[in-house]
Amino acid sequence: MKNLIKEASTIFVKKVNIEMRVVPSFNVAWHFHEEFELVYVTKSNGMRFVGDSVSPFYPGDLVLVGANLPHLWRSDSFYYNEGNPENSKRVKTIVTKFTEDFLGINFFEAPEFQKINKLLKASKYGLFFGEEVSIDLHDLIVSLPSLPKTEQYIKLLEVLYQLSLVKEKDRLVLSSSNMRQSTKESPERIDTVLRYISDNYSSKMNLSDVADVACMTTNSFCRFFKKTTNKSFTQFLNEIRIRNASRILIQQKIPISEVCYSVGFNSITNFNKQFKLLVGSTPKKFREDIL
């Protein structure tokens, strides 16, 4: 696998690079780069990894990823099933990469752009914007790839300004740390591990299984995983299972016990406990509050 630390000199030759991607599935590895990245998903479901944050994503997912913050969007496993009709499960995203100085060195240090400057600084942990923001900016963001280059710069500034005005209740800081110091070591290895967990979380999985995938002893893997993700393997696996459970609870009217077993838990008691620890309520109350 090629180097997953993406260098601007090889893949990013402009200060602003905007493209619409229409592909069968997300196939980008765990990586980071010097540019800021605004990711807007218009079609696809799966898991989003930003720093040490793990969350499901849906159409309308809008995230601003700061410079050098590792991230990965991973489509649900059925997107990678070659037996699916090509057009039935396609991924559509608008990906906007830009350097901090795309309008000039220290441009955002000017008092007039103080709000945008604060937005960019806050994005070092990753910022998720709620559904209302996503809807409001949909037309503007979708139009970006087809605009002339000069207009792209102007409209990108408008997008950033609109995002800078979003109230804190309508945005969520994703990662508890910027993860910059822990990702230069073996990016291919952690990418392989994250993909394996994402694709197999609903099956019986133990520490030795994943350590084998990483070609490490269990003790070495535990140290490596904690250093890289800021979480223990068990904590990380439980989080992926609970995040997926919360999505199922919203999308499907099936018994909670069935949800429990479908995401890999083998005990209702443990499922309820882990769900409340992470979400703050029981699965039953979570579903009642949402629906």
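This is a short talk on a helix pair and a sheet in a predicted model.

Ground rules. Residues are numbered from 1 along each chain as its sequence is written, and side-chain values use heavy atoms, without hydrogens and water. In this predicted model, local features need pLDDT of at least 70 and side-chain atom pairs pLDDT 80 or more, while totals for chains, interfaces and linings use all residues.

Start with the sheet. It is open, has six strands in the order 1-7-2-5-8-9, and pairs antiparallel. Strands here are DSSP runs of E, at least two residues; helices are runs of H or I, at least four; both are numbered from the N terminus. Pairing takes at least two DSSP bridges. Strand 1 (16–23) and strand 9 (171–173) are the edges, each pairing on one side only. On average, neighbouring strands are turned by 15° against each other, direction ignored.

Now helix 2, residues 114–122. Helix 2 packs on this sheet and touches strands 2, 5, 7, 8 and 9. Contact means heavy atoms within 4.5 Å. The direction of helix 2 makes about 115° with that of strand 8. Angles run from 0 to 180 degrees between N-to-C directions, with axes fitted to C-alpha atoms, for helices over the stretch in contact.

Strand 8 (127–129) also meets strand 5 (62–65): three bridges, antiparallel. Val63 stands opposite Phe128 there.

Last, the helix pair. Helix 5 (187–200) and helix 7 (218–229) pack at about 90°, axes 11 Å apart. They are therefore roughly perpendicular, a label for 65 to 115 degrees. Helix 5 brings Arg189, Ile190, Val193 and Ile197; helix 7 brings Phe221, Phe224, Phe225, Thr228 and Thr229.

Conventions: Parallel < 35°, antiparallel > 145°, perpendicular 65-115°, else oblique.
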